[in-house]
Amino acid sequence: MKKPMDCLTSKSTELRIREAAERVFLEKGFDGATSRDIAEAAGINIALTNYYFRSKEKLFMQIFEDLVQLFFTGMVEIMNKPISLRDKIAELIEHDFQLLKSNPNLSNFIMNEVHRNPDRMASCIGVMKEIHHSMFEQQLQQEIKLGNVRPIKALHVMPMAFANIQFLFIGKQMHMKMWHMDEAGFNEFINEHKQIVIEMVTSYLFDFKKE
């Protein structure tokens, strides 16, 4: 029978491995990361990594599913908020911006891993259904019927809102080198650009000539 302290130690070790694995996978992806990399990042023996998670694949899938949830869950919550569509779009863009600012490798990681192995999209099915059944699509169509929004599908609104934000972080090193920015300069640039994206998307949707 395990003593209470043994259980606490086990949970602490498992958490250290998960946190280290997340950092390593975000930086190197599944193919680039090794169990030894994760063990070294966690400061433990490689045998313990295998003991707790059996294989790199199983550990990766746990991390991947957690990161997919992190990427999409906040988005679904905003889509279901009882606020105006204009405010909702601005809040969705702000959420995406803050999430990627805190986790700059997240967007690239998910896209690369899904591209490398499309079957990983199975992990996203549940949250994708939540997006499709959220209030956002219904609210968008209602505003279109009222003549307040340009006729457009949610399918097109999402890339307009998010691609312009995600490219800032995917292309961070390119932006910094091309425009001779330091970290402070880059942060100033992305904050300015976020506001431009919000204005660009909302103006395109709401400010148009009605036929």
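Helix H9 gives the most to the lining of the largest pocket, contributing 7 residues, and that pocket is a convenient place from which to begin reading this predicted model. The space lying in the largest pocket comes to about 680 Å³. Around it stand 24 lining residues, and of these Phe72, Met128, Ile131, Met158 and Phe162 lie nearest the centre of the pocket. The elements that each give two or more residues to the lining are H4, helix H6 (106–116), helix H7 (125–132), helix H8 (135–145) and helix H9 (154–170). Sorted by class, the lining of the largest pocket holds 18 nonpolar residues, together with 4 polar and 2 charged ones.

From the pocket we can step back to the chain as a whole. The secondary structure of the protein chain comes to 11 helices and 0 strands, and, read from the N terminus on, its elements run α-α-α-α-α-α-α-α-α-α-α. Along its principal axes, the C-alpha trace of the protein chain spans about 70 × 45 × 30 Å.

How, then, do some of these helices pack against each other? A good helix to follow is H4, which covers residues 56–79, and its partner H5, which covers residues 85–102; these two pack at an angle of about 160 degrees, with their axes 10 Å apart. Because angles over 145 degrees count as roughly antiparallel, H4 is roughly antiparallel to H5. The crossing of H4 and H5 is right-handed. On the side of H4, the contact is made by Leu70, Phe71, Gly74, Met75, Ile78 and Met79, while H5 brings Lys88, Glu91, Leu92, His95, Asp96, Leu99 and Leu100. By class, this contact of H4 with H5 has 8 nonpolar, 2 polar and 3 charged residues.

H4 also packs with H6, where the axes of the two helices come within 11 Å and cross at roughly 125 degrees. H4 and H6 are therefore oblique to each other, and their crossing is left-handed. Here H4 uses Phe60, Phe64, Leu67, Val68, Leu70 and Phe71, which meet Leu106, Ser107, Phe109, Ile110, Glu113 and Val114 of H6. The contact of H4 with H6 has, by class, 10 nonpolar residues, 1 polar residue and 1 charged residue. Two residues of H4 deserve a second look, since Leu70 and Phe71 are named in the contact with H5 and are named again in the contact with H6.

The remaining pair joins H5 to H8, and these helices pack at an angle of about 135 degrees, with their axes 10 Å apart. That angle makes H5 oblique to H8, and the crossing of H5 and H8 is left-handed. In this contact Leu85, Lys88, Ile89 and Leu92 in H5 meet Met135, Phe136, Gln139, Leu140 and Glu143 in H8. Its residues divide into 6 nonpolar, 1 polar and 2 charged. Lys88 and Leu92 of H5, which take part in the contact with H4, also appear in this contact with H8.

These helix pairs lead back to the starting point, for H4, H6 and H8 are among the elements that give two or more residues to the lining of the largest pocket.

Conventions: Residues numbered from 1 in each chain as written. Predicted model: local features only at pLDDT ≥ 70, side-chain atom pairs only at ≥ 80, totals over all residues. Heavy atoms only, no water. Axes fitted to C-alpha atoms, helices over the stretch in contact; angles between N-to-C directions. Helix = DSSP H or I, 4+ residues; strand = E, 2+ residues; numbered from the N terminus. Parallel < 35°, antiparallel > 145°, perpendicular 65-115°, else oblique. Left-handed = near helix turned anticlockwise from the far one by under 90°. Contact = heavy atoms within 4.5 Å. Nonpolar A, V, L, I, M, F, W, Y, C, P; charged D, E, K, R; others polar. 1 Å grid on protein atoms, 1.4 Å probe; cavity = no way out; pocket = protein on both sides within 12 Å on 5 of 7 lines; lining within 4 Å. Points joined across faces, edges and corners; volume = space filled by probe spheres on them.
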